[in-house]
Amino acid sequence: MPTYDHDATDTDTDTGSGSTDTVTVLGLGPMGRALAGVFLNAGLRVTVWNRTPGRDGELVARGATAAASPAEAVAASALTVVCVVNYDASDTILRQDAVTAALKGRTVVNLTADTPARARNTAEWAAAHGIRYLDGAIMTPATTIGTPEAVFLLSGPEELYGEHRPVLDAVGGTHSHLGTDIGRAAAYDIALLDIFWTAMSGYAHALAVARAEGITARELAPFAQGIGAILPPLFEEFAADVDDGRYSGELNPITSAVSSMAHIAGASESHGIEATVIRAAEGQARRVIGLGHGTDGFMRVTELLGRSRR
Ligand code: NDP
């Protein structure tokens, strides 16, 4: 992780390019605090602001400057990192007249999670106000920030990313610039969180069904990890199937998969446990079979879902 030496008498508050040793963090939830903390560790001059006062105590004790307003905060650095709950919140902060004016010529990196459409809308707003803009997503928990495990996705103008990379790299981990389409980081974020949350929903459901059968969560957990470990190679194999449009069901045809899903749904419903998620997956599989693809594998569902878009 790079560290920065700066002259304490230097009151540089450049806009745009130039200052690489200052950063402002807007939003001091668990993630914003983690980001500000590692920026401090790296020796940057960090200015912080949060809607609710009092969340900056530890950061200020470690040398961060607490700004009295978001406009004052963004004026202190060439680069502002925003990390709040969603884009309604980031819009509420950034689109105040005084903040927008203070940001002119400076760079905003929005690491708040939301949809690709919101990222594109924010980029349009930024361009209209002379604000340089990168969008990003953080794919790992706040506890990983500053460690090699942290994963950051970014999109937007490549030269802007290159310019601010020395500061952004201070947060550790891996950084992937996914292209100039500003919505791309959010699009990856949505796709990856789709996997995460449907898996979490499946796990919560599995634990409820297991408990109804007298199996504790702790008893199931090691076996759950085993099921989880099967997935990474399948992700790669099925990605090739989907990109190539071939959905071989030689080893596990969708007719077999649908039978397994029906057992899960039936067992949970017999305990009075709703089975909406697995019933939805079973329904998709049955539609694929109905379309004449019963010998294909489950990933043929991707085509079915794509069809409903048209
Ligand atoms: P939250 O998602 O709970 O966001 C809390 C922050 O949002 C606080 O600073 C809060 O201010 C601010 N906020 C909420 N509503 C408003 C509003 N209307 N106006 C101004 N500020 C508002 O906490 P996190 O820090 O955990 O997450 C921040 C972002 O990071 C989210 O988009 C999240 O999805 C993403 N992320 C978080 C991870 C984590 O491990 N925590 C992992 C990966 C991504 P206040 O204190 O005043 O309420």
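This passage describes the surroundings of the ligand in a predicted model.

The ligand occupies the second largest pocket of the protein. Two elements each contribute two or more residues to the shell around the ligand, namely helix 1 (30–41) and helix 4 (87–94). Helix 1 supplies the largest share of this shell, with three residues. In total, 21 residues surround the ligand, and M31, N50, R51, T52 and R55 are the closest. By residue class, the shell comprises 12 nonpolar, seven polar and two charged residues.

Polar contacts to oxygen atoms of the ligand involve both side chains and backbone. In the side chain of R55, an N or O atom lies 2.8 Å from an oxygen atom of the ligand. For R51, a polar side-chain atom is found 2.9 Å from a ligand oxygen atom. The contribution of L28 comes from the backbone, where a polar atom is 3.2 Å from an oxygen atom of the ligand. On its own, the ligand has 880 Å² of accessible area, of which the protein covers 73%. R51 and R55 thus appear both among the closest residues of the shell and in polar contacts with the ligand, at 2.9 Å for R51 and 2.8 Å for R55.

With regard to annotation, an unreviewed UniProt entry lists residues 23–177 as "domain: 6-phosphogluconate dehydrogenase NADP-binding". In the model, this span is 40% helix and 23% strand. The C-alpha atoms at the two ends of residues 23–177 are 20 Å apart.

Conventions
Residues are numbered from 1 along each chain as its sequence is written. This is a predicted model: local features need pLDDT of at least 70, side-chain atom pairs count only at pLDDT 80 or more; totals for chains, interfaces and linings use all residues. Side-chain values use heavy atoms; hydrogens and water are left out. A residue is near a molecule or strand if one of its heavy atoms lies within 4 Å of it. A polar contact is a pair of N or O atoms within 3.5 Å; within protein, one must be able to donate a hydrogen and the other to accept it, and residues adjacent in sequence count only if both atoms are side-chain atoms. Accessible areas come from the Shrake-Rupley method with a 1.4 Å probe; for residues, only the protein chains shown count as cover. On a 1 Å grid over the protein atoms alone, a cavity is a set of points where a 1.4 Å probe fits but cannot get out, and a pocket is an open set with protein on both sides within 12 Å along at least five of seven lines; lining residues have an atom within 4 Å of a point. A molecule sits in a cavity or pocket if more than half of its atoms lie within 2 Å of its grid points. Helices (H or I, at least four residues) and strands (E, at least two) are DSSP runs, numbered from the N terminus. Ala, Val, Leu, Ile, Met, Phe, Trp, Tyr, Cys and Pro count as nonpolar, Asp, Glu, Lys and Arg as charged, and the others, Gly among them, as polar. UniProt positions are given in the numbering used here, feature names are shortened, and annotations may be inferred rather than shown by experiment.
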